[in-house]
Amino acid sequence: MAKRHPERTRSAQSARGPRTALRKYGPLVVSFILVAAGVFAAWDIMRHNHPDDDHTHEPFGVHGGLIVSIGEDEEDHYHAEFLFEKGGLIKLYMLGDDAETPQEVVSQPVVAHVKGEGDREPTSVVLRPIPQPPDRMGKTSTFLAKLPNDLRGRPIAVRVPEIIIGGRRFDFAFTSPASADPADAPAKVREEEERLFLTPGGKYTDADIAANGDVTARLRLGGVKIAHDLHPKPGDAICPITGVKADARITWVIGGKAYEFCCPPCVDEFVQLAKAMPEAVKEPETYKMK
Ligand SMILES: [Zn+2]
């Protein structure tokens with residue numbers, strides 16, 4: 001199979017595509033759009049194209065994750081590397097044009113629409129900025145999100161409608177096959193949830209478990225339709241995990257107090273934190289937009 005340059009087939013495009021690139025790659029862009037129509041099909045193409053032609057069969061980046069192209073303009077082109085980690089965590093590394101150099105972006109929560117294969121509706125997931133050295137103040141090159149447990153281990157299609165890089169808005173999309181991690185099997189996930197929510201530890205007590213109805217967050221809150229609001233107003237309650245606007249329907253009692261979250265996966269993460277690092281959990285009223 002002929003080696004093709006990855007930018008031309010990747011399921012990603014900038015919000016304001018430059019005319020020059022369009023002229024140059026016009027026919028390819030059109031064929032690309034056709035491919036993107038079946039997002040799952042795009043994965044198959046992606047796995048046969050890699051920015052580094054020495055590794056044509058390896059779609060994986062420097063961190064071992066999935067490389068996604070962002071932007072169709074050659075002078076303004078980036079990559080993201082997605083990694084699926086234990087416990088349904090998704091890590092996103094922002095990379096430069098070479099798909100290796102870390103790329104700083106303004107520290108911003110990013111919404112991803114994630115759809116499991118066969119699902120009718122996508123679920124909105126917040127990728128939150130996790131700045132780490134040498135990221136400068138107010139910038140980040142890394143993001144982290146927790147996938148809802150019912151999507152773990154399944155083939156998913158991910159669409160990020162907006163991320164700001166260098167003052168410009170970009171969008172991108174990709175698909176990922178089912179995770180091969182045996183920990184993502186539904187029975188294992190349920191076991192893990194029950195261990196998390198139904199056993200006390202740290203700041204999370206037996207009284208809390210009873211107050212929450214002796215169930216897991218997925219069982220009690222799984223039916224709530226999530227609409228992440230990235231722009232809370234001063235005084236609004238914010239999710240202690242993502243910092244985006246909290247939803248008053250999504251509460252969980254920890255240390256005898258009710259906390260509000262933006263979505264059920266954040267409840268998982270916060271209870272995990274309350275058990276492992278109770279000192280990191282502050283009073284509920286401190287999680288307010290200033
Ligand atoms: Zn959340």
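The buried residues of helix α6 are covered by a set of elements that includes β9 (142-146), α3 (186-198), α5 (217-221), β12 (247-254) and β13 (257-261). Keep in mind that this is a predicted model. The helix is a good place to start, and the rest of the tour works outward from there.

**The helix itself.** α6 covers residues 264-276, 13 residues in all. From first C-alpha to last, α6 reaches 19 Å, close to the 18 Å expected at 1.5 Å a residue. Which of its residues are buried? In α6 they are Pro264, Pro265, Cys266, Val267, Asp268, Glu269, Phe270, Val271 and Ala274, so the list takes in Asp268 and Glu269 alongside Val267 and Phe270.

**The core.** Val267 and Phe270 turn up again among the residues with the most contacts inside the largest nonpolar core, together with Ala80, Ala112, Phe261 and Cys262. That core has 57 residues. Its largest share, 6 residues, comes from strand β10 (residues 156-165). Both domains chip in: domain 1 (6-176) and domain 2 (185-286) each give the core at least three residues. For a look at one of the busy spots, take Ala80: leaving out residues up to four places away in sequence, it touches Val68, Ile70, Leu92, Tyr93, Met94, Leu95 and Phe172.

**The hairpin and the tail.** Two of the elements covering α6, β12 and β13, run antiparallel and are joined by 5 bridges. Val253 sits opposite Ala258 in β13. There are 2 residues between the strands of this hairpin, and Gly255 takes a positive phi near 60 degrees.

Now go to the segment after α6, where Pro284 is found. Is Pro284 buried or partly exposed? It counts as partly exposed, because it has 18 C-beta neighbours inside 10 Å, and a buried residue needs 20 or more. Setting aside neighbours within four places in sequence, Pro284 is in contact with Lys257, Ala258 and Tyr259. Lys257 is 27 residues away along the chain, yet the two C-alpha atoms are separated by 7.1 Å. Ala258, one of those contacts, is the residue that stands opposite Val253.

**The whole protein.** Stepping back, here are the overall numbers.

| Item | Value |
|---|---|
| Helices in the protein | 6 helices |
| Strands in the protein | 13 strands |
| Buried share of the 290 residues | 37% |
| Contacts joining residues at least 24 apart, among those at least 6 apart in sequence | 57% |

Conventions:
Residues numbered from 1 in each chain as written. Predicted model: local features only at pLDDT ≥ 70, side-chain atom pairs only at ≥ 80, totals over all residues. Helix = DSSP H or I, 4+ residues; strand = E, 2+ residues; numbered from the N terminus. Buried ≥ 20, exposed ≤ 12 C-beta atoms within 10 Å, placed from the backbone. Contact = placed C-beta atoms within 7 Å. Core = buried A, V, L, I, M, F, W, Y, C linked by C-beta atoms within 7 Å. Domains from an automatic or database assignment. Expected span 1.5 Å × (residues − 1). Pairing = 2+ DSSP bridges.
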